[in-house]
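Subject: A structure for you to explore

Hi there,

Here is the structure I promised to pass on to you. Have a look at it first, and then read on for what turned up in it.

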Amino acid sequence: MKRNKWVGEVVLILAGLAMATFPSWAQEAAPQSGDGSGGAATQQSQGPASTNTPTSKPAAKQVPAQSAAVNPADARIVHHLAADVAVALGPSWQEVDIGSMPPPAAIANFAPPFHLTGILALQNTKQVAMLQFATSSNPLIGHDSSWLDAQMHLPSGSGMSLLDLIFYYFFPPSSACIEQVLTQDPKATFAPIPANGSNNSTDPVLQVSLACKPPATMAGFFASQVSSGITFAQTNDGPRAFARIGNFYLAPMDRETIGGMTWFIFEAQRTDPVGPNASTNFSLPGNMQGAQSDYFWAIGAISPFPFVSDAPRANQPLIHVAYAGVGANGNKKAEFMTILQSVQVKGAAAGQ
């Protein structure tokens with residue numbers, strides 16, 4: 001797949017402190033929960049009710065009405081992606097700087113054809129979870145949900161699969177590592193390339209593989225769970241690049257309509273349990289041995305989803321929400337759906 005190098009601008013605006021509420025266009029539709037950490041949405045206190053109101057029973061003791069106490073640990077913080085997308089999350093979610101817009105330039109031509117225009121990244125060290133929000137162009141016009149479902153369930157390397165999205169846009173190898181391996185430590189071999197849904201050839205081709213040591217961070221942990229490296233191959237049909245993806249179970253596609261938005265939701269659950277040294281190697285809290293990592297990717301737009309070019313909405317961007325978590329049972333869908341329900345998009349409630 002060929003496309004130009006994508007250039008985007010990360011828009012990370014932290015709006016409000018622990019007592020912040022949604023922007024004016026989203027206040028009425030703001031959910032009362034959904035921070036992914038069990039916290040309740042905070043509202044501005046109206047103050048205690050007056051106790052000076054006359055009563056016909058002066059002997060009765062008057063108990064002043066009181067506002068519910070606000071626990072700062074339960075307060076939600078509003079995070080903004082661009083000017084018209086917001087999400088309210090608990091204070092355990094902290095914004096992080098992921099550097100340049102993914103994917104790295106050396107592998108960009110092999111990534112799915114979404115032109116990202118902004119990314120908001122957060123992590124939750126208490127839950128060992130990461131989030132990524134982005135807007136993009138819409139390469140899905142002219143297709144339908146059945147086509148999208150089939151593409152997203154293809155193996156890694158197809159250029160449009162869920163595993164490709166996670167690898168190239170969520171947890172790609174660093175540009176520095178790719179540059180170092182390709183320029184200083186190339187190890188060319190001849191081997192068959194994996195089938196990608198369209199190319200089933202088993203003829204050996206020239207390949208250069210690289211394995212980047214993940215950093216001792218939460219992002220490094222989730223990247224290591226996705227892939228052990230990437231291989232560049234020169235084929236008769238031109239160059240290819242494919243990740244050495246771990247063993248994953250791909251769940252059936254889920255379609256949800258939430259607050260005027262249509263979301264197509266995809267899940268990839270790592271089938272191999274986390275090893276005994278993960279907490280130590282990646283400086284993570286607790287003992288995660290035996291747990292399983294779970295990844296989600298939701299592609300959404302204001303309803304109806306724009307599979308067909310519609311002049312009034314010709315430039316409507318797609319919104320992407322990606323999540324990575326780890327748990328004893330490996331099933332993190334409830335947490336992801338709670339977060340997804342907290343996403344507010346200007347104009348979505350009216351179906352505009």
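Before the hairpin comes up, one term: two strands pair if DSSP finds at least two bridges between them. Please also keep in mind that this is a predicted model.

Let me start with that hairpin. Strand 12 (residues 254-258) and strand 13 are antiparallel partners, joined by 5 bridges. Between the two strands of this hairpin there are 2 residues, and Gly259 has a positive phi near 55 degrees.

Now the wider view. The protein chain has 6 helices and 16 strands. Of its 352 residues, 48% are buried. Take the contacts between residues at least 6 apart in sequence: 68% of them join residues at least 24 apart. The chain's accessible surface is about 17100 Å², and carbon and sulfur atoms account for 53% of that.

Strand 13 is a good place to zoom in. This strand spans residues 261-270, and 10 of its 10 residues are buried. Met261, Trp263, Ile265, Glu267 and Gln269 point one way, while Thr262, Phe264, Phe266, Ala268 and Arg270 point the other way. Besides strand 12, which strands does strand 13 pair with? One is strand 11 (residues 248-250), which runs antiparallel to strand 13 and is joined to it by 3 bridges. Another is strand 14 (residues 292-302), again antiparallel, with 9 bridges. You can find a facing pair in each case: Phe248 has Arg270 as its bridge partner, Asp254 stands opposite Ile265, and Glu267 stands opposite Phe296.

Arg270 is worth a second look. Its charged end sits over the ring of Phe248, 5.9 Å from the ring centre. The Arg270 side chain also meets that of Asp272 in a salt bridge, at 3.2 Å from N to O. Is Arg270 buried or exposed? With a relative accessible area of 13%, Arg270 is buried, whereas Asp272, at 26%, counts as partly exposed.

On to the other salt bridges. Side chains of opposite charge can pair when their charged atoms come close. The whole structure has 3 salt bridges. In one of them, Asp254 and Lys333 have their closest N and O atoms 3.1 Å apart. Asp254 belongs to strand 12 and Lys333 to helix 6, so this pair ties together parts that are 79 residues apart in sequence. Asp254 is buried at 17% relative accessibility, and Lys333 is partly exposed at 29%. Glu335 and Lys332 also form a salt bridge, at 3.4 Å from N to O.

Finally, the aromatic rings. A search of the whole structure gives 15 aromatic pairs. In one, the ring centres of Phe170 and Trp297 are 6.5 Å apart and the planes are at 80 degrees, so the pair is edge-to-face. Phe170 is in helix 2 (residues 162-170) and Trp297 in strand 14, 127 residues apart. Both of these residues are buried. In another pair, Tyr323 and Phe336 have ring centres 6.0 Å apart and planes at 45 degrees, so the pair is tilted. Tyr323 is buried with a relative accessible area of 1%, and Phe336 is buried with 0%. Ring pairs also link a cluster, and its members include Phe170, Phe248 and Trp297. Phe248 is the residue whose ring lies under the charged end of Arg270.

Happy exploring!

Terms used:
Residues are numbered from 1 along each chain as its sequence is written. This is a predicted model: local features need pLDDT of at least 70, side-chain atom pairs count only at pLDDT 80 or more; totals for chains, interfaces and linings use all residues. Side-chain values use heavy atoms; hydrogens and water are left out. Buried means under 20% relative accessible area, exposed over 50%, partly exposed in between (1.4 Å probe, protein chains only). Helices (H or I, at least four residues) and strands (E, at least two) are DSSP runs, numbered from the N terminus. Contact means heavy atoms within 4.5 Å. Accessible areas come from the Shrake-Rupley method with a 1.4 Å probe; for residues, only the protein chains shown count as cover. Rings of Phe, Tyr and Trp (its six-membered ring) pair if their centres lie within 6.5 Å; planes under 30 degrees apart count as stacked, over 60 as edge-to-face and the rest as tilted. A charge sits over a ring if NZ of Lys or CZ of Arg is within 6 Å of the ring centre and within 35 degrees of the ring normal. A salt bridge is a side-chain nitrogen of Lys or Arg within 4 Å of a carboxyl oxygen of Asp or Glu.
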